[in-house]
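Here's a quick look at one structure, with an eye on its ligand and on a few backbone oddities. Have the sequence and coordinates open as you read.

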Amino acid sequence: MMGGTFDPIHHGHLVAASEVAGLFGLDEVVFVPTGQPWQKSDRQVSPAEDRYLMTVIATASNPRFSVSRVDIDRGGPTYTIDTLVDLRAQRPDAELFFITGADALAQIMTWRDGDRCFDLAHFIGVTRPGYTLADLDLPPGRVSLVEIPALAISSSDCRGRVARGMPVWYLVPDGVVQYIEKRGLYREGPRRRAPSA
Ligand code: ATP
Ligand code: MG
C-alpha cells in the first residue's frame with residue numbers, strides 16, 4: 001500500500017510504487033488517498049473526491065494498481081494505524097508492505113501507534129530527491145530502504161505551477177492534467193477573464 005494526500009498524484013508516486021512492486025514482487029499496490037490530513041491542516045487540501053478520482057485516473061492503466069477509499073470513507077484525519085488495520089481486515093491472508101518516501105519515513109516515529117504499525121506491515125522507505133534516508137533511527141529489521149529513480153516532483157510544486165500558469169505536463173499523467181483543468185483545481189483566486197475588446 002501507498003498512502004498519500006495525492007493532491008495531485010504525480011509520476012514520483014507512480015515510479016515509487018512501480019519500482020517497489022518490481023523489487024519485492026508485489027501482487028498489488030493499493031493507493032490510499034488520505035482523509036483530511038492532520039499533518040497538512042495548515043493548508044486547504046482539495047476535496048477528497050477530486051483526489052480520489054485523480055488517483056483512479058493515474059492508476060487505471062496498470063493492472064496491478066488499485067485505489068482504496070478506506071481513509072476517505074472513514075472521514076476525519078487519517079492515522080496510518082487505522083489504514084493498516086482496515087486493509088488487514090479486507091485482506092486477512094495478505095502480507096502487507098507500506099511504501100513511503102524518505103521525508104514521510106522521517107515522521108513515522110512521531111506517528112500515533114508507530115510501534116503497532118511496524119507489527120502490521122513491513123515498511124519500505126524509498127529515496128526522494130532533497131531528503132536523506134541515512135541517519136534515521138529506525139527499528140531494526142522492520143524497514144527496508146531502497147533507491148529508486150530520482151524524480152524531483154512534488155504535489156506542492158505541481159499546485160504552485162498551476163497557480164502561476166506554468167505547465168504540469170509530464171510531471172503528472174495526461175489524464176490528471178486534464179482533470180485539474182476541467183475542475184479548475186489549484187488556480188490562484190477567482191478565475192480571471194480575458195478583458196473584452
Ligand atoms: P506535498 O508536496 O503536498 O506534500 P508530495 O509530493 O509529498 O505532496 P504526498 O501525497 O505527500 O506527495 O506523498 C505521498 C507519499 O509519496 C509519501 O510517502 C512521499 O514521501 C512519497 N513521495 C512523494 N513524491 C515522491 C517522489 N518524487 N519520490 C519518492 N517518493 C515520493
Ligand atoms: Mg508530502
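What follows covers the ligand shell and then the unusual backbone spots.

Bear in mind that this is a predicted model.

Let's start with the ligand. Ligand 1 is surrounded by 18 residues, and the closest of them are Gly4, Gly12, Gly101, Ser155 and Ser156. Four elements each give two or more residues to this shell: α1 (11-24), β4 (97-101), α5 (102-108) and α7 (155-164). Which of them gives the largest share of the shell? That's α1, with three residues. By character, the shell around ligand 1 splits into nine polar, six nonpolar and three charged residues.

Now for the backbone. Most peptide bonds are trans, and most residues other than glycine have a negative phi. The bond between aspartate 7 and proline 8 is cis, with omega at about 0°. Proline 8 sits in the loop that runs between β1 (2-4) and α1, and α1 is the helix that gives three residues to the shell around ligand 1.

Two tyrosines have a positive phi, and here they are side by side:

| Residue | Phi | Place |
|---|---|---|
| Tyrosine 170 | about 75° | loop between α7 and α8 (174-183) |
| Tyrosine 186 | near 70° | segment after α8 |

Are these tyrosines exposed or partly exposed? Tyrosine 170 counts as exposed because it has 11 C-beta neighbours inside 10 Å, and the cut-off for that class is 12 or fewer. Tyrosine 186 has 19 other C-beta atoms within 10 Å, so it is partly exposed; a buried residue would need 20 or more.

Conventions
Residues are numbered from 1 along each chain as its sequence is written. Chains are lettered from A and ligands numbered from 1 in the order in which they are written. This is a predicted model: local features need pLDDT of at least 70, side-chain atom pairs count only at pLDDT 80 or more; totals for chains, interfaces and linings use all residues. A residue is near a molecule or strand if its C-beta atom, placed from the backbone, lies within 6 Å of it. Ala, Val, Leu, Ile, Met, Phe, Trp, Tyr, Cys and Pro count as nonpolar, Asp, Glu, Lys and Arg as charged, and the others, Gly among them, as polar.
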